[in-house]
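Visitor: Could you take me through one part of this model in some detail? I'd like a close look at the place where the chains meet, starting from the chain on one side of it.

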Amino acid sequence: VKDDLDDFRATVRQWCETHVPADWRRSQTGVGDDEFVRFQKAWFAELHSAGYAVPHWPSEWDGGMSVAEQIVLYQELAAHDAPRLVLAFVGIHHAASTLLAAGTDEQRRRHLPAILDGEIWVQGFSEPEAGSDLASLRTSARRDGDSYLVNGQKLWASGGMQADWCLLLARTDPEAPKRKGISYFLLDMTTPGIDVRPIRNAVGESHFCEIFLNDVAIPADNLVGAENEGWQVAQATLGAERGLTMLELVERLGNAGFRWLVRACRPIDDPVVADRLAQFEIEISGLRGLCRELVENTEAGLAGPADASIVKLYYSELLQRMTDFGAEMSGLAAHTELAKPLSSGWESGSWVLDFIGSWEWTIPGGSSEIQRTIIGERGLGLPREPSAV
Amino acid sequence: VTYSEVHDELRSVASDLLSKGDTAVDWPLLTQAGWIGLEVPEESGGAGVTFAEVAIILEQMGRAATRSAYLGGAVLGVGTLTALQPSASRDGLLADVASGAVRTAVVLDGLRLAGNRLSGHATFVPDADGADRLLAIADDSDGIPVVVAADNVTVTPQPVLDETRSLAEVTAEDVAVKEVWRFDGAAADQVRRLHDRAAVAVACDSLGLAEAMLTATVDYAKVRQQFGRPIGSFQAVKHACADMLVQVSVARQLVNAAVEALADGGDARVAAAMAKSYACAAAVDVVGKAMQLHGGIGYTWESGIHVYLKRALLNRSLFGSPAEHRRQLAKRYSSRETPFRTRYAEGTH
C-alpha cells in the first residue's frame with residue numbers, strides 16, 4: 001500500500017510540475033470577475049481531465065479515490081502551489097453531497113455531470129434575520145400548481161454573481177415549528193425574479209452576495225427530499241461534507257501555510273519565534289489526524305455527532321492564530337500588499353490580508369460560538385440552553 | 001477477534017481493575033494482571049506484544065491517577081532490557097521481571113562509567129526507591145552507550161507534591177560494575193528511543209488524566225444547579241467544556257501517532273516530541289478548567305482534583321518540558337542537511 005501511494009505521489013507530482021499554471025498569483029491579482037471565472041473554469045477542466053477535480057465523489061461519478069490518495073493529492077497540489085477551486089467549491093462539495101445523499105436519480109443525472117462541465121453553485125441559506133439561528137429563516141415557498149413561488153432575501157451567498165444554480169432553503173409551512181417547516185430546493189439562477197447584488201467584504205473582495213427573490217417559480221421537481229424536511233437534508237449533508245472539504249484545507253495549512261510561515265519568520269533561531277512555530281506545527285499535525293479520522297469515520301458511519309464541529313472550530317481558529325503570527329512576523333512590508341490573487345483562498349501569502357480574511361472561516365458555516373455549543377450539547381451531552389421556541 | 005477488540009478488552013479490564021478503591025496498585029497485582037510482561041517475549045514468560053498495549057495501560061493509569069511502579073519497572077525496565085543484545089544474564093533478568101520476581105528501574109542519564117566503575121548523580125528517577133535492580137545507561141570508554149547493573153548505589157527518595165509518583169535521587173560513588181550489557185543495533189538510536197518511550201509514556205498518562213477530568217467535569221455540570229438550572233446549560237460553562245474536549249481530541253491524535261511510531265520500531269522522535277509537548281501542556285489546562293468549573297468544591301482537598309492537577313504538572317516537567325520538546329522540533333526548520341520542505345510535505349500522518 002505504501003509503495004502504491006508512493007507511485008501515486010510521483011504521478012501527481014509529475015502532473016503538477018507540468019500543469020500548475022506558472023505565475024498565476026501575479027497574473028490573477030487585481031483581475032476582473034470575467035478573467036477570474038475564466039481562469040477558475042480552465043483550471044477546473046484541467047484538474048478534471050487528470051481525474052483530480054472530484055476525487056471524493058463516488059467512483060460511478062468519476063471520483064472514488066481513497067482517503068489516503070486524496071491526502072497525497074492535496075499535499076502535492078499544495079506543495080506545488082496550485083490554485084484552489086474556489087468558484088467550484090459549493091458545487092463539488094455541498095451540491096454534490098446533497099444530491100448524492102438526498103437527490104433523485106433524475107436530479108443527480110441532471111446536475112452531477114453538469115458540475116463536472118463547470119456548472120457553478122451558490123448556497124442560499126443565511127438571511128438578514130437568520131444567521132446563527134438559521135432555522136428561523138423567513139424566505140417563503142408557496143406551492144402553486146406544479147411549482148413553488150419563492151419570496152425573500154438570502155445573504156452571504158458566496159459566488160452568487162457567477163452561480164448557475166442555488167441550493168435554497170425556504171419555508172414551506174409557516175405554521176410548523178421552525179425546523180419542521182423548511183424545504184430544500186435547487187434553484188436555476190436564470191429564473192425571472194432573481195436579483196443578485198455583491199457585498200464588499202473586509203479584504204475588499206465581493207464574492208459574498210445578497211440574493212433577492214421576488215415571485216421566483218421553482219418547479220416542484222427541484223425539491224430535494226420531502227416537503228418540510230429540508231432542515232434534516234441540510235443537517236445530514238453539512239456534517240458529511242465537512243471532513244472532505246477540510247481534508248484539502250488542512251493540507252494547505254500544513255504545506256503552503258506552514259512553509260510560508262517558516263519563511264516569514266526571521267531570525268529562525270530566535271527562541272521565541274522557534275517556539276511559536278513548533279507549537280503551530282504540532283497543532284497542524286494533530287488537526288491532520290483529526291481530519292483524516294473524521295473522513296474515515298464518516299465513511300464507516302462511525303463519526304460522533306460533534307466530530308465535524310471539532311474539526312471546523314479547531315481549523316478556523318488555528319488558521320486565525322497562524323495568519324496573525326504571520327502578519328506580526330512579516331512586519332510593515334506585509335502591509336504594502338494591497339490586493340491578493342482572487343484565485344487564492346486565505347493562503348495568498350499576503351499575511352495581513354490573510355489574517356483579516358481568516359474571519360471568513362470563524363464566522364460562516366456555523367460560527368465558533370455555535371460550534372462550541374454543538375460540541376457541548378451533542379458531543380458531551382450537556383443540557384440545552386433555554387430556547388425561545 | 002480483531003486487533004481493536006483486543007485493545008478494547010484490555011482497556012476495559014484495566015479500567016475496572018484500576019478504579020477499585022485505593023489509587024495505590026502493588027507490584028504483585030500488576031504482575032498477576034500480566035501488564036509487566038506485556039512487551040517481554042513469550043519465550044521469556046511475557047505476552048510478546050508491543051508498546052501499543054502498554055500505552056493502553058498507561059492511559060488507564062492516568063485516568064485513575066494510579067500510584068504504581070509501572071513507569072520505572074515495566075515501561076522503562078522492560079523497554080531497556082528488550083533493547084539489549086540477548087545474553088544469559090539479560091534473558092534471565094527479563095524472565096525474572098516478567099514473573100514479578102525482580103522489579104527494575106532505569107537511570108536514563110546522569111551517571112558516568114570509567115573503566116568498570118560507575119559514578120555520578122541522577123535525579124528524579126522514577127520508581128528507583130525499592131527497586132530490586134537498577135539499570136543505568138552510561139557511555140563506555142569508546143563513548144558508546146551501554147547498560148550496566150547499578151548495584152551498591154545510594155537511592156534517596158525525592159518527595160514531590162504529586163503523591164502518586166515515586167521519584168528518587170541515585171548517587172554512585174565510584175562503584176564497581178559487575179554486569180555490562182550492549183544495545184542491540186545502533187546504541188545511540190536505542191538510547192534515543194528509550195527517551196522517546198519515556199516521554200510518550202508520560203504523554204499517555206496525561207491524556208488519560210485529562211480524559212478523566214473532562215468526564216468528571218461534564219458529569220458535574222449536568223447535575224450542579226445554580227440560578228434554577230444545570231450549570232452545564234450556561235454557555236460560559238458549556239463552551240469551556242467544549243474547549244476541553246477539543247484539546248483532549250487533539251492530544252489523542254498526537255499521542256496515538258507517537259504510540260504507533262514507537263510500536264512500529266521506526267524513528268519516533270518528531271511524533272514523541274509533539275505528543276509530549278501537546279498532551280502534557282493540554283492536560284494541565286484541562287485539569288485547571290476542571291478545578292475552575294467545579295467551583296469551590298473543586299478547590300477542596302476532598303474533591304481530589306488537586307491530585308490530578310499535581311500529577312499533570314509533574315508529567316509536564318518529566319522527561320523534557322513542552323518548551324524543550326518544541327525547541328528540538330524547531331531545530332529542523334533551519335537544518336540544511338535535511339530540507340525541511342520535503343520532510344514536512346509528506347506529513348506525520
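Guide: Sure. Let's start inside chain A: of its 389 residues, 56% count as buried. Keep in mind that this is a predicted model. Chain A is built from 12 helices and 8 strands. Its radius of gyration is 21 Å, close to the 21 Å that the globule rule gives for 389 residues, so chain A is as compact as a globular protein of that length. If you'd rather think in box dimensions, the C-alpha trace spans about 70 × 50 × 45 Å along its principal axes. As for how the chain folds back on itself, take the contacts in chain A between residues at least 6 apart in sequence: 72% of them join residues at least 24 apart.

For a single residue, try A:Ser367. You'll find A:Ser367 in the loop between helix 11 (359-362) and helix 12 of chain A. Its relative accessibility is 11%, and since the cut-off for buried is under 20%, A:Ser367 counts as buried. Leaving aside residues up to four places away in sequence, A:Ser367 touches A:Ser132 and A:Thr362.

Now for the interface itself. Chain A puts 42 residues into the contact, and chain B puts in 38. Between them the two chains bury about 3,600 Å², with 64% of that on carbon and sulfur atoms. On the chain A side, the residues that lose the most area to chain B are A:Glu281, A:Ile282 and A:Leu380, which together make up 18% of what that side buries.

There's polar chemistry here too. The rule finds 4 salt bridges across the interface of chain A and chain B. One partnership to zoom in on is B:Arg326 with A:Asp275, a salt bridge whose closest N and O atoms are 2.7 Å apart. Counting residue pairs in polar contact between chain A and chain B, with both residues at pLDDT 80 or more, gives 12.

Which elements of chain A supply the surface that touches chain B? Those giving two or more residues are helix 1 (2-19), helix 4 (67-79), helix 7 (230-264), helix 8 (271-299), helix 9 (307-330) and helix 12 (368-379). Helix 8 gives the most, with 16 residues. Sorted by class, the side of chain A that touches chain B has 18 nonpolar, 10 polar and 14 charged residues.

Notes. Residues numbered from 1 in each chain as written. Chains lettered and ligands numbered in written order. Predicted model: local features only at pLDDT ≥ 70, side-chain atom pairs only at ≥ 80, totals over all residues. Heavy atoms only, no water. Contact = heavy atoms within 4.5 Å. Buried area = accessible area lost by both parts, 1.4 Å probe. Salt bridge = Lys/Arg side-chain N within 4 Å of Asp/Glu carboxyl O. Polar contact = N/O pair within 3.5 Å; in protein donor to acceptor, adjacent residues only side chain to side chain. Helix = DSSP H or I, 4+ residues; strand = E, 2+ residues; numbered from the N terminus. Nonpolar A, V, L, I, M, F, W, Y, C, P; charged D, E, K, R; others polar. Rg over C-alpha atoms; globule rule 2.2 N^0.38 Å. Buried < 20%, exposed > 50% of the residue type's maximum accessible area, 1.4 Å probe, protein only.
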